[in-house]
Amino acid sequence: MDFSEIAGVIFDKDGTLADFDSLWIPAAVKVVEKLVEAYHMDPSSAVKILRSFGVNEDGSVDPKGQLAIGTYESMAGCAVEIMKDDGIACSYETVFAQMSEWFEKAVDEGYMTCSYPCDLSKLFGYLNERGIHTAVATTDNLANTHKLLNRAGIDAEMICASDSAYPIKPDPSFIHACADRWGVDTGRIVMVGDTPNDMKFAENGGAMKIGVLSGATKKEELAQYADIVISHVGELMKLL
């Protein structure tokens, strides 16, 4: 696979630029524990809610589940469905507001200790030296995205998030917006991500696809969707 003509890279955030498991699994557990406490639910409800997010009892994460590819809105919808099935009186609006607040606090704390797959400042410096544009496409929000970028000491020219002006992945609008901004064909853009949803996003937009194994998806599954699979984003410096 030839990546010599790549003019821009769109990165997924969690599982690609930052370690997914150490950040989002503890955050999800904390949020669900608070939810169970606030609504006086049986502890068994926590297991069901986490499972509805795609978090299994063994701690593994479904790469197609809501924690991996969804938003606070979609996870609140999952929680409310479980709660109502269990006879808990609640409203989506209230649960969404509560979960958003709790997730923000848990993720903020998580960013202080989460790990990165490589020296991101070195990677972004490498891309910048070669005139390769950079962007981030995530289903998380803009505030969390900026926190991660600032903590890692990197910047991206464009960002697609759950509360930005662009539809979230796998809608390809952001890929086309990057191509227009950078003055290149979408075929000269590569999407780098850890889930099948990231690869579907790239395919929908006519971009190339690089899968990374630093996130939620096993190599065997990711290889079904990606043009190439690498261990982590640091290996881009050997490809581009």
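**Burial and ring pairs in a predicted model**

Q: Why does Tyr 72 count as buried?
A: Buried means under 20% relative accessible area, with exposed over 50% and partly exposed in between (1.4 Å probe, protein chains only). Tyr 72 has 9% relative accessibility, so Tyr 72 counts as buried.

This is a predicted model, in which local features need pLDDT of at least 70 and side-chain atom pairs count only at pLDDT 80 or more, while totals for chains, interfaces and linings use all residues. Residues are numbered from 1 along each chain as its sequence is written, and side-chain values use heavy atoms, without hydrogens and water.

Q: Why does Phe 103 count as buried?
A: The relative accessibility of Phe 103 is 0%, so Phe 103 counts as buried.

Q: What makes the pair of Tyr 72 and Phe 103 stacked?
A: Rings of Phe, Tyr and Trp (its six-membered ring) pair if their centres lie within 6.5 Å; planes under 30 degrees apart count as stacked, over 60 as edge-to-face and the rest as tilted. Here the centres are 5.0 Å apart and the planes are at 10°, so the pair is stacked. Trp 24 joins Tyr 72 and Phe 103 in one aromatic cluster.

Q: Why is the protein chain called as compact as a globular protein of that length?
A: The radius of gyration is taken over C-alpha atoms, and the globule rule is 2.2 Å times the number of residues to the power 0.38. For 240 residues the rule gives 18 Å, and the radius of gyration of the protein chain is 18 Å, close to that value, so the chain is as compact as a globular protein of that length. Buried residues make up 53% of the 240 residues.
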